[in-house]
Amino acid sequence: MDKRIVASLDITDRRVLLDLASRLSDEIFAIKINWPTILTCGVDIIRELSDFGNVICDLKIADIPNTNRMIMEIIRERNPFAVIAHAFPGLDSIQALLDASEGVKVIGVVSMSNEGAERYLNPLHLKILNDLKNTSAYGIIAPGNDYRILQEIAKKRGNLKIFSPGIGAQGGSPSLAIMNGADYIIIGRNIYNAQNPEAYVRSVNQQIEK
Ligand code: BMP
């Protein structure tokens, strides 16, 4: 079976992070890292983690095209599989990332899993999705704990892959997220705080398979 879990290893201790990455690598699609890891371990952690498989850099890049391009040029040197960017700054900003990507995939945030996103971002999700469909972006972020939004996005996503956070600690269920349209589920705390992260990941894989 194709692996569907993205392990969000929001860990700031380099040794703990690399150890867990090596233990999980056979059971997951990718490792996702975020600002806490990059700010503490340094940007070269991306290359180190890439020894264990796909690395998704969750930088939620959200700037003008020139700054986006500069960020992509720094990141792409370190062998990531993908970067996550906000799409709300506009298509010129997303296009700048795509133009500089040299094969690194771009995943755009369409809607978020936190409650506060209901006010500003989430009402725009279909508009953002439609725009992203006209680019060469690889995927989108859509909430794995809001099945109504997830279903709506899944119906209209075209070729874009759906990555869904909000699983476990934020209330979403792995199998319901997949049933409602997620291609990949992003799980953080439930993995790295588990007593036995490998066993937890294996049990989620079994749930998904069923
Ligand atoms: P956790 O499973 O521990 O809640 O972690 C989820 C991860 O996904 C975190 O890195 C968070 O920043 C990210 N994320 C999210 O939770 N919701 C979103 O809408 C977008 C995210 O990138």
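In the predicted model, Ala-82 has Lys-105 of strand E5 as its bridge partner. This bridge belongs to the pairing of E4 with E5, which is parallel and extends over five bridges. Strand E4 covers residues 82–86, and strand E5 covers residues 105–109. The connection between the two strands includes helix H5, residues 91–99, and the three elements E4, H5 and E5 form a β-α-β unit of right-handed sense. Strand E5 is mostly covered, with four of its five residues buried.

On the other pairing of E5, the partner is strand E6, residues 139–141, again in the parallel sense, here over three bridges. Val-109 is matched with Ile-141 of E6 as its bridge partner. A right-handed β-α-β unit is also made by E5, helix H6 (residues 125–133) and E6.

The loops around these strands were examined next. Phe-81 is located in the loop that joins helix H4 (65–76) to strand E4. Phe-81 has a relative accessibility of 16% and therefore counts as buried, the limit being under 20%. Outside the four nearest places in sequence on either side, the contacts of Phe-81 are Phe-29, Asn-54, Val-55, Ile-56, Val-104, Lys-105 and Tyr-138. Among these contacts, Lys-105 is also the bridge partner of Ala-82. For Ile-56, the C-alpha distance to Phe-81 is 5.7 Å, although 25 residues separate the two in sequence.

The loop between H4 and E4 also holds Asn-79. The phi angle of Asn-79 is near 65 degrees, which is positive although the residue is not glycine. With a relative accessible area of 45%, Asn-79 is partly exposed. A positive phi, near 45 degrees, is likewise found at Glu-102, another residue that is not glycine. Glu-102 is placed in the loop between H5 and E5. The relative accessible area of Glu-102 is 64%, so this residue is classed as exposed, for which the limit is over 50%.

In the loop between E5 and H6 lies Asn-122. Asn-122 has a relative accessible area of 3% and is buried. Apart from residues up to four places away in sequence, Asn-122 touches Ser-111, Met-112, Ala-117 and Ile-149.

Met-179 belongs to helix H8, residues 174–179. In contrast to the buried Asn-122, Met-179 is exposed, at 65% relative accessibility. The C-alpha atom of Met-179 is 34 Å from that of Asp-63, a residue 116 positions away along the chain.

The largest pocket of the model has a volume of about 380 Å³. Its lining comprises 23 residues, of which Lys-32, Ser-113, Pro-165, Gly-166 and Gln-170 are the closest to the centre. Two or more lining residues come from each of strand E2 (30–34), strand E3 (54–61), strand E8 (184–187) and helix H9 (189–192). Helix H9 makes the largest contribution, giving three residues to the lining. By residue class, the lining consists of ten nonpolar, eight polar and five charged residues.

Terms used. Residues are numbered from 1 along each chain as its sequence is written. This is a predicted model: local features need pLDDT of at least 70, side-chain atom pairs count only at pLDDT 80 or more; totals for chains, interfaces and linings use all residues. Side-chain values use heavy atoms; hydrogens and water are left out. Buried means under 20% relative accessible area, exposed over 50%, partly exposed in between (1.4 Å probe, protein chains only). Contact means heavy atoms within 4.5 Å. Two strands pair if DSSP finds at least two bridges between them. A crossover is right-handed if, with the strands pointing away from the viewer, the path from the first strand over the helix to the second runs clockwise. On a 1 Å grid over the protein atoms alone, a cavity is a set of points where a 1.4 Å probe fits but cannot get out, and a pocket is an open set with protein on both sides within 12 Å along at least five of seven lines; lining residues have an atom within 4 Å of a point. Grid points are joined across faces, edges and corners, and a volume is the space filled by probe spheres set on the points. Ala, Val, Leu, Ile, Met, Phe, Trp, Tyr, Cys and Pro count as nonpolar, Asp, Glu, Lys and Arg as charged, and the others, Gly among them, as polar.
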